[in-house]
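User: Please take a close look at the salt bridges in this model. Say where the partners sit and how well each is covered, then place some other residues around them.

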Amino acid sequence: EKIRIEIISLGLTESRIASDETIQQLFVECRLYNFLAEETPLSLPKPTSGQRIHYNYSNVIHVDKANNGARRDYLKSMLLKPDLHTDSLRFTVVSDPPEDEQDLECEDIGFAYVSLREIFQKQRDIIEQDIDVFDSQDDSAVIGKLKVTVEALHALRSVYEECKDD
């Protein structure tokens, strides 16, 4: 009764991000609706064009009935009400200011999404798949690829079975 998320690697395209000298270190945050935000423990040096940085970070979101009712209810409502705009895990690529410039803020530079509803509809998890990272200032511009694994199908099926019983 869990959703496993793995943030594997990040590569950038030629974009304003690649050429921005102030962006040097990057980390990735993953958020499920407004419940939970997890971030990679390390920020890594921004990759050069054609290179990838590897986080190999894995996290588990528990959605068991006993301890995580609110998350379960959220998953139920997401499966039952397709008009919600909240059916995705959101990955945020964040610029971490360099050690010597701690007065600078962390800045969200890009977003990537994995739809949990789509995983359920297609009946398959996302395994080591590249997803587009969209520019935070221009959501039509792709600034890179984030390789992720999202294993949620088992938990979603379990929640769905429960919906049918209610």
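Analyst: Helices and strands are runs from DSSP, numbered from the N terminus: a helix is H or I with at least four residues, and a strand is E with at least two. The model is a predicted one, in which local features need pLDDT of at least 70 and side-chain atom pairs count only at pLDDT 80 or more, while totals for chains, interfaces and linings use all residues. Residues are numbered from 1 along each chain as its sequence is written, and side-chain values use heavy atoms, with hydrogens and water left out.

A loop gives a starting point. E99 belongs to the loop that runs between β6 (88-96) and β7 (107-115). The relative accessible area of E99 is 70%, so this residue is exposed. The cut-offs are under 20% for buried, over 50% for exposed, and in between for partly exposed, using a 1.4 Å probe and protein chains only.

Now the salt bridges. The term stands for a side-chain nitrogen of Lys or Arg within 4 Å of a carboxyl oxygen of Asp or Glu. Under this rule, twelve salt bridges are counted.

One of them pairs E151 with R4, and their closest N and O atoms are 3.3 Å apart. E151 is part of strand β9 (residues 142-151) and R4 is part of strand β1 (residues 2-12), so the bridge ties together parts of the chain that are 147 residues apart in sequence. On accessibility, E151 is partly exposed at 31% relative accessible area. R4 is partly exposed too, with a value of 21%.

Another salt bridge joins the side chains of R117 and D87, with 2.8 Å from N to O. R117 sits in helix α3 and D87 in the loop between α2 (69-80) and β6, so that distant parts of the chain, 30 residues apart, are linked. R117 is buried, because its relative accessible area is 10%. D87 is also buried, because its relative accessible area is 11%.

A further bridge is formed by K145 and D132, where the closest N and O atoms lie 2.3 Å apart. This pair again links distant parts of the chain, from K145 in strand β9 to D132 in strand β8, which are 13 residues apart. K145 has 33% relative accessibility and therefore counts as partly exposed. D132, at 28%, counts as partly exposed as well. Beyond single pairs, E1, K65, R72, K76 and E162 are joined into one network by salt bridges that share partners.

Some of the elements named above hold other residues worth placing. In helix α3 there is also E118, which is partly exposed at 40% relative accessibility. From E118 to P47 the C-alpha distance is 30 Å, and the two are 71 residues apart in sequence. Between α3 (116-122) and β8 (126-135) runs a loop that contains R124. R124 is exposed, with 53% relative accessibility. Leaving aside residues up to four places away in sequence, R124 touches I119 and L153; contact here means heavy atoms within 4.5 Å. R124 and I8 are 116 residues apart along the chain, and 19 Å separates their C-alpha atoms.

In strand β8 lies E128. The phi angle of E128 is near 45°, a positive value in a residue that is not glycine. Most residues other than glycine have a negative phi, which is why such a value is pointed out. N56 likewise has a positive phi near 45° and is not glycine. N56 is located in strand β5 (residues 52-62), and at 54% relative accessibility it counts as exposed.

Last comes helix α2, which holds M78. M78 is buried, with 0% relative accessibility. Its C-alpha atom is 24 Å from that of E128, with their positions 50 residues apart along the chain.
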